[in-house]
Amino acid sequence: MNRRNFVKTASSLVAMSVMPNLHASPLKTNRLFDIALSQWSFHRAIFGDGRDNYEWFIKTLHSDPDSVLKGDMDPRDIVTIARKLGVEMVDLANVLWFGHAQDKPWLKQFKAMANDQGVGFTCLLCDELGYLGSPSKNKRDLAIEKHKPWIDAALELGCSQLRVNAYGEGTYLEQLEQNAESLAELAAYTQQLGLELLVENHGHPSSNGAWLAMLMEKVKHPNLGVYTDLDNFFMGGWNHSPQRRYDTIQGLHDLAPYTRGVSAKTYGFESNGQESKINYLQCMKILTAAGFTGYACAEFEGEGMSEMAGSIATISLLKQTRDMLSKA
């Protein structure tokens, strides 16, 4: 399948879906939280086998980024898919179009495509830009500078938020101090531009809910918050076996007061439409009880169904969860 046919095929998959009333109306409402679609949900369609050799992928991402895009889907087609799924907002991931941060014609076309579909962008998730918590002040400053072209790209596309990683080296306390310094500078910089800065629980110390909450308190900047992933409470690296996990429910309680965006991650579904590993009603109840009213972004990560079917099921689950909370 080539990219020209990808959206047509995706459209057919939506049409064949058994999910009811998907096209009845856009999902954005004023109830509890709104629903967005994650561009990352379609990373397999975009990358193809480009990530199979991860060492090659990372090296090539930084030297010839478009070469890793071996799939049938153009990253910009996410706005067409969002519209077909009845979603008005999309969260973006910079590694899916890593070579285009300063490519004004590419960004202009992307924005035009979004406008044509009546779709907007919420958060731009930024990875592979260095360690904001490095022990080296020079490396921290370099990481801040590497984020600035993406800040410009987020503004060009009309994003309201930018997500960064609180990665670093050293003890938990050392990383707390080092990240806090960089985040304070970035939060002030983005505030002047009208762009909210968020940190995700995304591995390393940040997946420890208490640590990330302390980081928020340490910086204590009004333009800084948390992009809470419902499952990223595994500490260390992604490949630890068994995973070293921080308790998910405790983590959500830790992060709820600072949460301004949610990665609504899913892996698989029960026959009743509920997520097979994550209690969505419990999770979203914790966050909304603390005052969260932003976007929960449907991010399907499973392998047992297509990215399209998984995204449809995740959106349906979020709608069901929101309806249940509104009646509670």
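What follows is a conversation about side-chain contacts in this predicted model.

Trainee: Why is the contact between W97 and W150 called an aromatic pair that is edge-to-face?

Mentor: The ring centres of W97 and W150 lie 5.1 Å apart, and since a pair needs centres within 6.5 Å, the two rings qualify. Their planes stand at 65° to each other, and because planes over 60 degrees apart count as edge-to-face, that is the label this pair receives. It is one of 12 aromatic pairs in the structure.

Trainee: What makes W97 and W150 a pair that links distant parts of the chain?

Mentor: W97 belongs to the loop between strand 2 (89-93) and helix 5 (104-117), whereas W150 is in helix 6 (residues 137-157), and 53 residues separate them. Both tryptophans are buried, and both belong to one aromatic cluster, whose other members are F98, W106, F110 and F121.

Trainee: How do you know that the charged end of R51 sits over the ring of F57?

Mentor: The charged end of R51 is 5.6 Å from the centre of the F57 ring, and the distance part of the test is met because the cut-off is within 6 Å. K148 is placed over the face of Y189 in the same sense, at 4.6 Å from the ring centre.

Trainee: Why is the contact of R44 with E303 called a salt bridge?

Mentor: The closest N and O atoms of R44 and E303 are 3.7 Å apart, and because a salt bridge requires the nitrogen within 4 Å of the carboxyl oxygen, the contact counts as one. R44 lies in helix 2 (residues 43-47), and E303 lies in the loop between strand 10 (295-300) and helix 11 (307-327), 259 residues away in the chain.

Trainee: Are R44 and E303 buried, partly exposed or exposed, and what makes them so?

Mentor: R44 has a relative accessible area of 30%, so it is partly exposed, while E303 reaches 70% and therefore counts as exposed, the cut-off for exposed being over 50%.

Trainee: What makes R163 and D127 a salt bridge that ties together separate parts of the sequence?

Mentor: Their side chains meet at 3.0 Å, N to O, which is within the 4 Å limit. R163 lies in strand 4 (residues 161-164) and D127 in the loop between strand 3 (120-125) and helix 6, so the bridge joins parts 36 residues apart in sequence. R163 has a relative accessible area of 2% and D127 one of 15%, and because buried means under 20%, both residues are buried.

Trainee: How do you know that D141 and K137 are separated by about one helical turn?

Mentor: D141 and K137 are four residues apart in helix 6, which is why the separation is about one turn. They form a salt bridge with closest N and O atoms 2.9 Å apart, and D141 at 27% and K137 at 38% are both partly exposed. Elsewhere, shared partners join D127, R163 and E200 into one salt-bridge network.

Trainee: Why is C126 not called part of a disulfide?

Mentor: The closest cysteine sulfur to that of C126 is in C123, 8.0 Å away, and because a disulfide needs the sulfur atoms within 2.5 Å, that is too far for a bond. The sulfur of C297 also has its closest cysteine sulfur in C123, at 8.4 Å, and is therefore too far for a bond as well. C126 is buried at 2% and C297 is buried at 1%, and the search of the whole structure finds zero disulfides.

Terms used. Residues are numbered from 1 along each chain as its sequence is written. This is a predicted model: local features need pLDDT of at least 70, side-chain atom pairs count only at pLDDT 80 or more; totals for chains, interfaces and linings use all residues. Side-chain values use heavy atoms; hydrogens and water are left out. Rings of Phe, Tyr and Trp (its six-membered ring) pair if their centres lie within 6.5 Å; planes under 30 degrees apart count as stacked, over 60 as edge-to-face and the rest as tilted. Helices (H or I, at least four residues) and strands (E, at least two) are DSSP runs, numbered from the N terminus. Buried means under 20% relative accessible area, exposed over 50%, partly exposed in between (1.4 Å probe, protein chains only). A charge sits over a ring if NZ of Lys or CZ of Arg is within 6 Å of the ring centre and within 35 degrees of the ring normal.
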